[in-house]
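Work through the exercises below with the sequence and the structure open beside you. Try each task before reading the solution that follows.

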Amino acid sequence: MVYLVIYGLLSKLSRVNPAGDMNPPPPLSRERILQAAVGVADRAGLHALTMRRLGTELGVEAMSLYKHVASKDEILDGMVELVIGAIEVPSDGADWKEAVRQRAASARQVLSRHSWAIGLLEARGSTGPTALGYLDAIIGTLRSAGFSIENAAHAFWLLDSYVYGHVIQETSMSLRGSEETNLGSGSTPDRIPSVDHPHLAELARHARRSKYSFDTEFEFGLSLILDALERTLR
């Protein structure tokens, strides 16, 4: 018992800084607020993000947040910047097709972690310095490859629509666990009358024999899009 008490005291002393505080949290800052906001949205959804909830997450009163951010709108704009800043930006001089492929794959990965950000990106617009640099780099890659400004705009819209749609579909399916799962598990083929719906029954049988992979489907569709865009250059 004595040893346990001594061990407990030593553990507490080891966490005391020279000023005598017990592991004080880092000072409140705009960066900490934005990171905490992203964390709340990831765990509970964007609708759960309130100034009170954010203050609780950071261990401060909600009013303390306003010393570092002017409003919730500023927080939302900052969250957009954080998410976009995590997406890989095409580098100068890179092969356009590979650069666009990498950018799309990176955007999918980032947005899959922050699926709430898709609606926010469209609602808030992209006016921060990180977002503007990101957009400029993508358009610049396409223009340097020889795309007309009209086709570069088409390409950008098409690629983002594809990435957003894929992420939304992945999220809504909520497969819980491995990305690769057998879509045909259970008795789905048996429930579809072959006489009335022969093609759907055939697809169900195929799904039962196959493994569905989000990665495979994403790469398949992305390759089709990039090949089609490449033909516009010719």
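Contact, as used throughout, means heavy atoms within 4.5 Å. This is a predicted model, in which local features need pLDDT of at least 70 and side-chain atom pairs count only at pLDDT 80 or more, while totals for chains, interfaces and linings use all residues. Residues are numbered from 1 along each chain as its sequence is written, and side-chain values use heavy atoms, with hydrogens and water left out.

**Exercise 1.** Find which residues H166 touches, not counting residues up to four places away in sequence.

Solution. Begin by placing H166, which lies in helix 8; helices here are DSSP runs (H or I, at least four residues), numbered from the N terminus. Beyond its sequence neighbours, H166 touches R108, F214, E217 and F218. H166 counts as buried because its relative accessible area is 8%, where buried means under 20%, exposed over 50% and partly exposed in between, with a 1.4 Å probe and protein chains only.

**Exercise 2.** Describe how helix 5 packs against helix 8, and then how helix 5 packs against helix 11.

Solution. Two packed helices are described by the angle between their axes and the distance between the axes. The axes are lines fitted to C-alpha atoms over the stretch in contact, and angles run from 0 to 180 degrees between N-to-C directions. For helix 5 and helix 8 the angle is about 35 degrees and the axes are 10 Å apart. The contact is formed by V100, R103, A104, A107, R108, L111 and S112 of helix 5 together with L159, D160, V163, Y164, H166, V167 and E170 of helix 8. Sorted by class, these are eight nonpolar, two polar and four charged residues, with Ala, Val, Leu, Ile, Met, Phe, Trp, Tyr, Cys and Pro counted as nonpolar, Asp, Glu, Lys and Arg as charged, and the others, Gly among them, as polar.

Turning to helix 5 and helix 11, the angle is about 145 degrees and the axes are 11 Å apart. Among the helix 5 residues in this contact are W96, A105 and R108, which meet helix 11 residues including F214, D215 and F218. The contact of helix 5 with helix 11 divides into 10 nonpolar, one polar and seven charged residues. D215, located in helix 11, is partly exposed, with a relative accessible area of 38%, and its C-alpha atom is 9.4 Å from that of A105, although the two are 110 residues apart in sequence.

**Exercise 3.** Check the span of helix 2 and determine which residues of helix 2 are buried.

Solution. The expected span of a helix is 1.5 Å times one less than its number of residues. The 15 residues of helix 2 should therefore span 21 Å, and the end C-alpha atoms are 21 Å apart, which agrees. The buried residues are I33, L34, A36, A37, V38, G39, V40 and A41, and they pack against helix 3 and helix 4. One of them, A36, has a relative accessible area of 14% and touches L54 and L58, not counting residues up to four places away in sequence. The C-alpha atoms of A36 and L54 are separated by 6.9 Å, with their positions 18 residues apart along the chain taken as the sequence separation. After helix 2 comes G45, whose phi is positive, near 95 degrees.

Conventions
Helices (H or I, at least four residues) and strands (E, at least two) are DSSP runs, numbered from the N terminus.
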